[in-house]
Amino acid sequence: MPDNHKTTACLGCGAALAPPFLNLGRTPLANSYLRPEHAAANEPVFDLAVTYCGQCHLVQLTSTVPPESLFSEYLYFSSYSESYLAHASEMADSLISRLNLDSSSRVLEIASNDGYLLQFFKRRGIPVLGIEPAHNIAVQARERGIPTMECFFGTDSAAAIVARNSLADLIIGNNVMAHVPAINAFLSAVRTCLKPQGTAVFEFPYLGDLLDNNEFDTIYHEHVFYYSLGAVCALVRRARLKLVDVERQSVHGGSLRIFLQHESAGPPAPAVPAMLEEEKRRGLLGPELYRSFGKAVEDLKSELLRLLWELRASGKSVAAYGAPAKGNTLLNYCGVGRDLVQFTVDRSPHKQGLLLPGSRIPILAPQALLEKRPQYAVILPWNIASEIIEQQQQYLRAGGKFIIPIPHPVIVDG
Ligand SMILES: [Zn+2]
C-alpha cells in the first residue's frame, strides 16, 4: 500500500513541526472517484492531519502525497459551476481594468484547468497562456482555443517560459497556492516569469473563514496549505516578492485574492497591514485558536451523525447533492456510508456512474432526485447551496428537504 510522505519540518521555514491540532484519520484521496467494477477493491488510504508552525504561522498537512499521483487525471472541470464562472468573468474584468491590460500584454495562468478563466481575457484580445498538468483537461482547454502547456509549474516550466520570451504582465493562480508542497520554489518560479512591473494574483481559500465557519471539509490531501495572510507574508518575503494588496472574496467558502509584485515595489495598500492586525487580534498567529478549532470539528461530526441516525431511525430516506472533493472529507471523517446516505447526484457527466471514494456512495444524474424522491438530501458543495436550492425547486415542491452540513447541520424545506 502506498504511503504519504511525512513532513517533520515546516515546508515554509524548515522549523520542527508541532503535533497536529486536527487529525481526520487515514482516508482515500478526495478526488479518487471509483468505477463501480472496483467497488470491492481496497482503496489506498493516506494520513490526513493538520498542524500549525509556530515560527512562520504556516498551517499545513503533516504529510504530503506526490502531486503526480493527485493531478494527472483530474475530474474537476471548473466550467461546471455557474457561480464560479461568473466569479471568473468578474475577476478578468476587474484585473484588466486595474492593470490596464491590452493586446500588448501577456497573461499566464497556472493550473488553468479547462480555460474557464483565460477565455475571458482571450475574448478581450489579450494574449494568454495556460499551464495545466492534467492531460484530459489540457485537451479541453486547447479545444476551446486556449494555448496550454501541459506540465506542472515550477523551476523547469519557468525556464521554458523565459526561453520563449513569454514573461507575463499578469500571472494568475486560482486555487493553486494551497496545492504545491514545494511552495518556496514555486514562488521563486513566479518571480522568474514576472515582468519587472508585472503583478501576480493568487486566490486561495482563507484560513480565517475556514476557522470561522467550521469548513474542515476543505481539508484534503490536495490542499497542503491553509493560509493566513501572516503566513503568506513570510513566504512572499522569502521568495523576494512583495505583497502589495489583498481582497476578500466569497468563493469557495471565503477566499483571499493577493497581489504580488517584485520586491522593489512601493508600500502595500492599507488593506494589508489592516488584515495582519486583525489576524493578530483574532489569534490566527498563535497555536491556541487551532486547538479549539480541532475540538469544534469533533463536535460538528457528532452533530451531523446524530441527525443522520435519527432520520434513519425514523424511517426517512436520505441522499446527497453534489460530489465535490470536500464532500469526501466530510463523509469519510464522519464515517457516513451508504447505510446513512443512499446515493448522491452531480451535474458533471464525468462523475455520474462513479462511486465516491471511501464511502462508496454511488453518483447519479440530478434527475434521480426527482425519480427516487429521497426525503432529505445533504448538500455537499455547501458553498453553492443557494445556487443548488434555486435549481432544485421542483424537488422542494415535491416535499424534499435539503440538509446544509456546514458550519452546523441545518434543514432547508423551501
Ligand atoms: Zn514554518
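A nonpolar core is a set of buried Ala, Val, Leu, Ile, Met, Phe, Trp, Tyr and Cys residues joined through C-beta atoms within 7 Å. A residue is buried if 20 or more other C-beta atoms lie within 10 Å of its own, exposed if 12 or fewer, and partly exposed in between, with the C-beta atoms placed from the backbone. The structure is a predicted model, in which local features need pLDDT of at least 70, side-chain atom pairs count only at pLDDT 80 or more, and totals for chains, interfaces and linings use all residues. For selections, residues are numbered from 1 along each chain as its sequence is written.

**Stop 1: the core**

Select Val107 and Ile171. Of the 131 residues in the largest nonpolar core, these two touch the most other members. At least three residues of this core come from each of domain 1 (78–288) and domain 2 (289–412); the domain bounds come from an automatic or database domain assignment. In soluble globular proteins, nonpolar side chains tend to be buried together.

Now show what surrounds Ile171. Leaving aside residues up to four places away in sequence, Ile171 touches Leu108, Ile110, Val190, Cys193, Leu194, Gly198 and Ala200. Contact here means that the C-beta atoms of two residues, placed from the backbone, lie within 7 Å.

**Stop 2: the seven-stranded sheet**

Select strand S6 (residues 107–110) and strand S9 (residues 168–174), which run parallel and are joined by three bridges. Strands (E, at least two residues) and helices (H or I, at least four) are DSSP runs, numbered from the N terminus. Two strands pair if DSSP finds at least two bridges between them. Val107 has Leu170 as its bridge partner in S9.

Widen the selection to the open sheet of seven strands, in the order S8-S7-S6-S9-S10-S13-S12, with mixed pairing. At its edges are strand S8 (148–149) and strand S12 (241–249), each of which pairs on one side only.

**Stop 3: between the domains**

Colour domain 1 (78–288) and domain 2 (289–412) separately. Their C-alpha centres lie 30 Å apart. Where they meet, 21 residues of domain 1 are in contact with 20 residues of domain 2. The domain 1 side of this contact has seven nonpolar, nine polar and five charged residues.

**Stop 4: strand S14 and its sheet**

Select strand S14 (residues 318–321). Val318 and Ala320 point one way and Ala319 and Tyr321 the other, and all are buried. S14 pairs in the parallel sense with strand S17 (residues 376–379) over four bridges, and with strand S15 (residues 344–345) over two bridges, also in the parallel sense. Ala320 has Val378 as its bridge partner in S17 and Thr344 as its bridge partner in S15. Tyr321 stands opposite Val345 in S15.

The open sheet here has six strands in the order S16-S15-S14-S17-S18-S19, and its pairing is mixed. Strand S16 (363–364) and strand S19 (410–412) are the edge strands, each pairing on one side only.

**Stop 5: strand S3**

Select strand S3 (residues 46–52). Six of its seven residues are buried, so S3 is largely enclosed by the rest of the structure. Add strand S2 (residues 22–27), which pairs with S3 in the antiparallel sense over four bridges; Thr27 has Phe46 as its bridge partner in S3.

Then add strand S4 (residues 59–61), which runs antiparallel to S3 and is joined to S3 by three bridges. Thr51 has Gln60 as its bridge partner in S4. S3 and S4 form a hairpin with six residues between them, and His57 in the turn has a positive phi of about 70 degrees.

Note on methods. Nonpolar A, V, L, I, M, F, W, Y, C, P; charged D, E, K, R; others polar.
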